[in-house]
Amino acid sequence: MARAYGANASLLAAFETTYGSNPVGDYWKLPFVSTTLGSEQGLIANDLIGLGREPNAPIRDVIKVEGDMVVPVDVRNIGMWLKALLGSATTTGTGTLTHTFISGKSSLPSLSLETGLPDIPAWFVASGVMVNSLQVGFARSGAANATVGLIAQGEVKQAATIDSTPTTRDILRFNQFQGSIKKGGTALGNVVSAQLTYSNNLERIETIRSDGKIDGADPTVASLTGNLEVRFADTQLIDAATNNTPLELTFAYTIDATKRLTFIAHEVYLPKPKVSISGPGGIQATFEWQAAKNVAANKMLTVELVNDVTTY
C-alpha cells in the first residue's frame, strides 16, 4: 500500500475568473514549505430524547475550508501571493520590472489551489480561495518564509491532476541575511527581530445553501500590525512612542538592484513598552506596532517587487 510523503507533494495555483469556478489549464506550480489548507466538516451531537439511553446518529455540520500555508519569500513566485492578498499590481519597466501592490482595494481576486499527493494517488482542489493574511518575519539568519492565511469556498478530491503540464518559474529565494529595516529612509539599528502581518479581515458570507459552502469571503477593514524587538541603545523609538509620533517603516529583502522585495508601512504608531532588566546582559525592548492609512500617500501599505516577471 502506497503512503503519501510531503517530499512528493505538489501545489498548483491559478486565478479564477468567476469565484469558486476552477480554471481549465494554465496553472502555475508553486513552491511551498507546509500547508494546513483543507476541508473539515464537524459533527453535532444528536439532541433527541425519549428513545432510550443510547444516542442517535450525530448530525453533520457545515463545511469549512481554511488553513495556513507557509511559502518561501522568493523573487518570482511570491508575486502571485501578493496579488491574491492586495489585488493586481501596477507594473513598470522593461527587462527589470517593478510590480507595485497597494493596500485598501475594495475587491480581491480568488484562486483555485490544487494540493497533489501522487503517492496515493489523490489531488485535492480547493476553489474560491481568498488570501486573508500574510505574515513575514525578519531575523539575522535562516530562510525567508511567509505564512499565508487562506479561506476557501470548497474542496474536491480528484483522481487526476487538474493540469498535467503546469507552468513553472525559476526559484530564487531571499535569505534572512539579505533583510533590512529602515525608519524614514534611514537604517534602523539594533533590531534583533521583526515581524509584519497584513490582514484583509475577510468576512465569510455564511448564507443558507444545500451544499454547506459559504457564498464568499469579503474584505472588511484591513489591518497592518507587527513587532520590533530592539537592543536598548538609544531612546528614538521610546520617544516616538511616548509622543505618539507616527513613523514610516520599510522592511526589505534585497539581492541586488534587479531582485528586491520591499514593504513600506507609511504610518506606524508605536506603543510605549516596559523596559525590563533581567540580568547583566543586554537590555531589549519589544514594540508591538500598528499602522494606519497615511493621508499624503493615500494608503497604509505599499509593496514593491522587482524582478524579471512580465505580469502576474
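Author: Buried means under 20% relative accessible area. Keep that cut-off in hand. The model here is predicted.

Reader: What share of the 312 residues in the protein is buried?

Author: Buried residues make up 40% of the 312. For a case, take two phenylalanines. F138 and F251 are both buried.

Reader: How many helices and strands are there in the protein?

Author: The protein has two helices and 21 strands. Its C-alpha atoms fill a box of roughly 70 × 55 × 40 Å along the principal axes. Now sort the contacts by sequence separation. Among those between residues at least 6 apart, 70% join residues at least 24 apart.

Reader: Back to the phenylalanines. How is a pair of aromatic rings described?

Author: By the distance of the centres and the angle of the planes. A search of the whole structure finds four such pairs. In one of them, the ring centres of F138 and F251 lie 5.6 Å apart. Their planes meet at 40°, so this pair is tilted.

Reader: Which parts of the chain does the pair of F138 and F251 tie together?

Author: F138 sits in strand β9, residues 122-138. F251 sits in strand β18, residues 247-256. The pair therefore ties together parts that are 113 residues apart in sequence.

Reader: F251 also pairs with W289. Is that pair stacked or tilted, and what are its values?

Author: Stacked. The centres of F251 and W289 are 5.9 Å apart, with 20° between the planes. This pair also links distant parts of the chain. F251 is in strand β18 and W289 in strand β20, 38 residues apart. Both F251 and W289 are buried.

Reader: Which residues do the ring pairs link into a cluster?

Author: F138, F174, F251, Y253 and W289.

Reader: Next, the nonpolar core. Which members of the largest one touch the most other members?

Author: A core is a set of buried nonpolar residues joined through side-chain atoms. Here the largest has 62 residues. W81, L113, L228, F251 and W289 touch the most other members. So F251 and W289 appear both in the ring cluster and in this list. Helix α1, residues 78-86, gives the most to this core, with seven residues.

Reader: What is L113 in contact with, leaving aside its neighbours within four places in sequence?

Author: The partners include L11, L12, A13, L37 and M69. W81, F124 and L150 are also among them. Apart from the largest core lies another, of six residues. Among its members are L108, L202, I214 and A217.

Reader: Now the empty space. How many cavities of 30 Å³ or more does the structure hold?

Author: One. About 110 Å³ of space lies in it. Its lining counts 14 residues. V230, R231, D234, Q236 and L237 lie nearest the centre.

Reader: Which elements supply the lining of the largest cavity, and what classes of residue does it have?

Author: β17 (223-231), α2 (236-242) and β20 (284-291) each supply at least two residues. The largest share, three residues, comes from α2. By class, the lining has eight nonpolar, four polar and two charged residues.

Reader: Last, a loop residue. Where is T167 found?

Author: T167 is in the loop between β11 (154-158) and β12 (179-183). At 37% relative accessibility, T167 counts as partly exposed. Check what lies across from it in sequence. T167 and D26 are 141 residues apart along the chain, yet their C-alpha atoms are separated by 7.1 Å. Leaving aside neighbours within four places in sequence, T167 is in contact with Y27, W28 and K29.

Terms used:
Residues are numbered from 1 along each chain as its sequence is written. This is a predicted model: local features need pLDDT of at least 70, side-chain atom pairs count only at pLDDT 80 or more; totals for chains, interfaces and linings use all residues. Side-chain values use heavy atoms; hydrogens and water are left out. On a 1 Å grid over the protein atoms alone, a cavity is a set of points where a 1.4 Å probe fits but cannot get out, and a pocket is an open set with protein on both sides within 12 Å along at least five of seven lines; lining residues have an atom within 4 Å of a point. Grid points are joined across faces, edges and corners, and a volume is the space filled by probe spheres set on the points. Helices (H or I, at least four residues) and strands (E, at least two) are DSSP runs, numbered from the N terminus. Ala, Val, Leu, Ile, Met, Phe, Trp, Tyr, Cys and Pro count as nonpolar, Asp, Glu, Lys and Arg as charged, and the others, Gly among them, as polar. A nonpolar core is a set of buried Ala, Val, Leu, Ile, Met, Phe, Trp, Tyr and Cys residues joined through side-chain atoms within 4.5 Å. Buried means under 20% relative accessible area, exposed over 50%, partly exposed in between (1.4 Å probe, protein chains only). Contact means heavy atoms within 4.5 Å. Rings of Phe, Tyr and Trp (its six-membered ring) pair if their centres lie within 6.5 Å; planes under 30 degrees apart count as stacked, over 60 as edge-to-face and the rest as tilted.
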